[in-house]
Amino acid sequence: MLTILQGKQPDKVPWAGDLDYWANSLIKRGIKPEGFIASDAYLDWHRSLGVGYYLQGYFPFKEIYHDCEVIQWTEGNCRYRKIITPYGELKECWEYMETTFSEAPVEHLMKSEDDIPAMIYFYDHISYEPDYTFAETRNRQIGDQGASLCYLPKSPFMQLVALDAGIMTVTILAYSAPERFEELLASMKRSFDQAAQIAVNSPAELLMIPENLSSEMVGEMFFEKYMKDYQVEWTTKIREAGKYSFIHIDGTLKGLLKQESLVGFSVLEALTPSPVGDMSIHEMIPMLEESKSIFWGGIPGVYFTSHVSDEEFDRHVIEVLEVMRSIPRFVLGVADQVPPDGLEYRVKRVKELVEQYGSYSM
């Protein structure tokens, strides 16, 4: 993995997968013990499956709130947060679904233009302090099984789209109240810049802006106006620190893959090709040739389940490897995660296929 990140050619296409979602579901079902993901056994599990390790969502900083009250509580499967500021209250609710082992917002923190003053006050009154303990533990555990990755904050725009407000509210505000909307983004950036620098200073070798980007949600105009400058600034600072920058693009690609490939990221990660995504692995080659980034992904998560036959799984992975071994600028990965109904033998099968079809000498 590090060989290809350094711009060199290893003997085979590197293979690394995100097993976090799958592992969490196994814990919920009692198949794996509590604390499994943070333990040495988690890395041993990767070794037994033949999977390179790199990703686990970890922000290496703590948020400290000043001059506002933050209340958090749960009711059944719902997780609530209320923020009380001099400019009003903000409230959100995330609901957990037992059938999917995941949660999603059913009430966003920001709902309309009326919430902007409270949002600005909230972000203006957050400070951050380093929290490197887990990163240091992970570095010790990893050994030669992969590399340690930590998160920066999302870009302010994607924080609003993915978490705080949702795409409908964001789009309305961008057009109906552009000056106030940009004032909010500026407040969020001042806050996030503090956290981002703490992340860059962390013990991690790899640093990700976890945008969770999908082109049909954002598009070129929003990207150019609200996201690009933040990404260029922080990829530059990560590179100057001698580390590698990642962006998580786990949705449709046609609208933004070219633009993101020219930002300066070391890696564009979680790229999902057809038949699940909207681009084939072959269509990515011209964009790769214009860029200096590594393209990372290739196997849609559903391919690790019984919804896809063994024959189709092998066919797809072999086709992807044929493209990836043609130029040492790819890492084979899960796009974006092995799901809760993933099959262990499928995960193990990837290493076998890489050994057989992933050599650059072919």
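# Notebook: a walk through the predicted model

I began with a strand pair: strand 4, residues 78-85, and strand 5, residues 88-97, run antiparallel and share eight bridges. A reminder to myself before going on: this is a predicted model.

**Entry 1, the sheet.** I looked up what that pair belongs to. Strands 3-4-5-6, in that order, form an open sheet with antiparallel pairing. Strand 3 (69-75) and strand 6 (102-107) are the edges, each pairing on one side only. I also noted the twist: neighbouring strands here are turned by 20° against each other on average, direction ignored. For one cross-strand pair, I checked Arg81 and found Glu92 of strand 5 standing opposite.

Between strand 5 and strand 6 there is a loop that holds Phe101. I stopped at Phe101 for its backbone, since phi is near 55°, a positive value in a residue that is not glycine.

**Entry 2, cysteines.** Strand 4 made me curious about Cys78. How far away is the nearest cysteine sulfur? That sulfur belongs to Cys93 and is 3.9 Å from the one in Cys78. A disulfide needs the two sulfur atoms within 2.5 Å, so Cys78 is in no disulfide. For the model I wrote down zero disulfides. Cys78 is buried at a relative accessible area of 16%, and Cys150 is buried too, at 1%.

**Entry 3, helix 4.** Next I asked what lies across the sheet. Helix 4, residues 116-124, lies across strand 3, strand 4 and strand 5, and runs at about 90° to strand 4. Is helix 4 mostly covered or mostly open? It is mostly covered, with seven of its nine residues buried. I listed them as Ile116, Ala118, Met119, Ile120, Tyr121, Phe122 and Tyr123.

**Entry 4, the core.** Then I turned to the largest nonpolar core, which has 121 residues. Which members touch the most others? They are Phe157, Leu160 and Leu332. Helix 8 (residues 178-200) gives the most to this core, 10 residues. As general background, nonpolar side chains tend to be buried together in soluble globular proteins.

I followed Leu160 outward. Setting aside residues up to four places away in sequence, Leu160 touches Met110, Met119, Ala165, Gly166, Val170, Phe181, Leu184, Leu185 and Met188. Met119 on that list is also one of the buried residues of helix 4, a handy link back to the previous entry.

**Entry 5, helix 6 against helix 8.** The axes of helix 6 (residues 156-164) and helix 8 come within 9 Å and cross at roughly 100°. Angles from 65 to 115 degrees count as roughly perpendicular, and the two helices are therefore roughly perpendicular to each other. From helix 6 the contact uses Pro156, Phe157, Gln159, Leu160 and Asp164, and from helix 8 it uses Phe181, Leu184, Leu185, Met188, Lys189 and Phe192.

While on helix 8, I also clicked on Ser191, a residue of that helix. Ser191 is buried, with a relative accessible area of 2%. Leaving out residues up to four places away in sequence, Ser191 touches Tyr123, Ile126 and Tyr128. Tyr123 appears among the buried residues of helix 4.

**Entry 6, backbone around strand 11.** Which strand holds Ala270? The residue lies in strand 11. Its phi is near 70°, again positive in a residue other than glycine, and Ala270 is buried at 0% relative accessibility.

The loop from strand 11 (267-271) to helix 11 (285-290) contains Pro275. Is the peptide bond from Ser274 to Pro275 cis or trans? The bond is cis, with omega near 15°. Ser280 sits in that loop as well. At a relative accessible area of 18%, Ser280 is buried; the cut-off is under 20%. Neighbours within four places aside, Ser280 is in contact with Pro273 and Ser274. I added one distance: the C-alpha atoms of Ser280 and Val320 are 9.2 Å apart, with their positions 40 residues apart along the chain.

**Entry 7, another cis bond.** My last stop was the loop between strand 13 (330-335) and helix 13 (344-357), where Asp336 lies. The peptide bond from Ala335 to Asp336 is cis, with omega near 0°. I flagged this bond for a second look in the viewer, as the preceding residue there is not followed by proline but by Asp336.

Technical notes: Residues are numbered from 1 along each chain as its sequence is written. This is a predicted model: local features need pLDDT of at least 70, side-chain atom pairs count only at pLDDT 80 or more; totals for chains, interfaces and linings use all residues. Side-chain values use heavy atoms; hydrogens and water are left out. Two strands pair if DSSP finds at least two bridges between them. Helices (H or I, at least four residues) and strands (E, at least two) are DSSP runs, numbered from the N terminus. Axes are lines fitted to C-alpha atoms, for helices over the stretch in contact, and angles run from 0 to 180 degrees between N-to-C directions. Contact means heavy atoms within 4.5 Å. A nonpolar core is a set of buried Ala, Val, Leu, Ile, Met, Phe, Trp, Tyr and Cys residues joined through side-chain atoms within 4.5 Å. Buried means under 20% relative accessible area, exposed over 50%, partly exposed in between (1.4 Å probe, protein chains only). Angles under 35 degrees count as roughly parallel, over 145 as roughly antiparallel, 65 to 115 as roughly perpendicular and the rest as oblique.
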